[in-house]
Amino acid sequence: MDKITVESPAKFNMGLNVVRKRDDGCHDLETILFPLMLSDKITFCKSDKFLLRTDSILLNKLRDNLIHKAIRLLEKQSNKKIILNILVEKVIPIGGGLGGGSSNAATTLKTVNKLFELGLSYQELSRLALELGSDVPYFLNPVPSYAESRGELLYPLNIEIPYPILLVNPRIKIDTIWAFKKIKPTFPIKNLRDILQAGLIDFDDLKKYVKNDFEAVVFGEFPQLKFIKQELYNQGAKFSLMSGTGSTVYGIFSNLQKALWAEEYFKQNNFTFLNNPFTKGSIT
């Protein structure tokens, strides 16, 4: 096998609590991660000259992105030279709190390990992934998961969200480092894992207990995100929250038609994506 094309999925955070700042300067957090149908597409092709291409102007400006770093780690770990022609077709908004860069890095680790038959185990890939970023390990196996510590301690959950989820991104790039510098850790009223322990989605509990600590910081700097959240509720969302450190805000709808109407409303001025678990043409 000399060529392979793979999907690199996005995620969203069902709550994000920053509970303390650690002695090493990092933060302990707790969150629940869900994979999305939204994804980038990456093509890896063996070559005699390394080339990384993308249709993203913003990504093209980054000389040393996470894909480059992932390949260098694999070369160091395997003692093999890895030469590839890589095409990244970006769909996930950059700096949108959906984990696009981390997903691309994890996808690179998994796919190059397979393409070059490096034989690295899941545990070895996980260690390399953590060197690239706190949420990169999640994308090695992107299933609904409770995450804690820096986000690298992952506990799969037996839960699904059987509702349409509308993502709205106003094409604002949020600097994660800036957001963490501004955050003031607080201990949550209730642990996120306990809220979803039964495997059921209760919208009243979500609105009462599930928060994103970064909203106060980010909404203060970018009030249009607060407006989007309120408008999602106005359009019929049962629950709305910002994902990660922003700038994507999502709304969970119990009615597909309302979600479709909301998408029409928002997509005039924003990037939107409707994560629809229903079969095509079904309305609930």
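1. Start with Arg193: its charged end sits over the ring of Tyr155, 4.7 Å from the centre of that ring. Bear in mind as you look around that this is a predicted model. There's another spot of this kind to look up, where Lys190 lies over the face of Tyr209, 4.8 Å from the ring centre.

2. Now for rings against rings. The count of aromatic pairs comes to nine. One of them is Trp178 with Phe222, an edge-to-face pair with 6.3 Å centre to centre and 80° between the planes. Trp178 belongs to helix α5 (residues 176–182), while Phe222 is in the loop between α8 (214–221) and α9 (223–234), so this pair ties together parts that are 44 residues apart in sequence. As for solvent, Trp178 counts as partly exposed, at 23% relative accessibility.

3. Stay on helix α5 for Phe180 and Phe214. Their ring centres are 4.9 Å apart and their planes are at 75°, so this pair is edge-to-face. Phe180 is in helix α5 and Phe214 in helix α8, so the contact ties together parts 34 residues apart in sequence. Which of these two rings is buried, and which is partly exposed? Phe214 is buried, because its relative accessibility is 0%, whereas Phe180, at 24%, counts as partly exposed.

4. Ring pairs also build a cluster, and its members are Phe12, Phe34, Phe239 and Tyr250.

5. On to the nonpolar interior. The largest nonpolar core has 33 residues, and those with the most contacts inside it are Phe44, Leu74, Ile82, Leu84, Ile86, Leu109 and Val112. Strands and helices both feed into this core: β1 (3–21), β2 (27–46), α2 (66–78), β4 (84–89), α3 (100–115) and α4 (122–132) each give two or more residues.

6. If you want one residue to click on, try Ile86. What does Ile86 touch, leaving out residues up to four places away in sequence? The list is Ile42, Thr43, Phe44, Phe50, Leu51, Leu52, Arg53, Ile67 and Ile71.

7. Don't stop at that core, though. A second, separate core has 27 residues, among them Ile32, Tyr146, Val210 and Phe271. As background, nonpolar side chains in soluble globular proteins tend to be buried together.

8. Last, the cysteines. How many disulfides does a search of the whole structure find? The search turns up zero. Two cysteines to look at are Cys26, partly exposed at 28% relative accessibility, and Cys45, also partly exposed, with a relative accessible area of 25%.

Notes. Residues are numbered from 1 along each chain as its sequence is written. This is a predicted model: local features need pLDDT of at least 70, side-chain atom pairs count only at pLDDT 80 or more; totals for chains, interfaces and linings use all residues. Side-chain values use heavy atoms; hydrogens and water are left out. Rings of Phe, Tyr and Trp (its six-membered ring) pair if their centres lie within 6.5 Å; planes under 30 degrees apart count as stacked, over 60 as edge-to-face and the rest as tilted. Helices (H or I, at least four residues) and strands (E, at least two) are DSSP runs, numbered from the N terminus. Buried means under 20% relative accessible area, exposed over 50%, partly exposed in between (1.4 Å probe, protein chains only). A charge sits over a ring if NZ of Lys or CZ of Arg is within 6 Å of the ring centre and within 35 degrees of the ring normal. A disulfide is a pair of cysteine sulfur atoms within 2.5 Å. A nonpolar core is a set of buried Ala, Val, Leu, Ile, Met, Phe, Trp, Tyr and Cys residues joined through side-chain atoms within 4.5 Å. Contact means heavy atoms within 4.5 Å.
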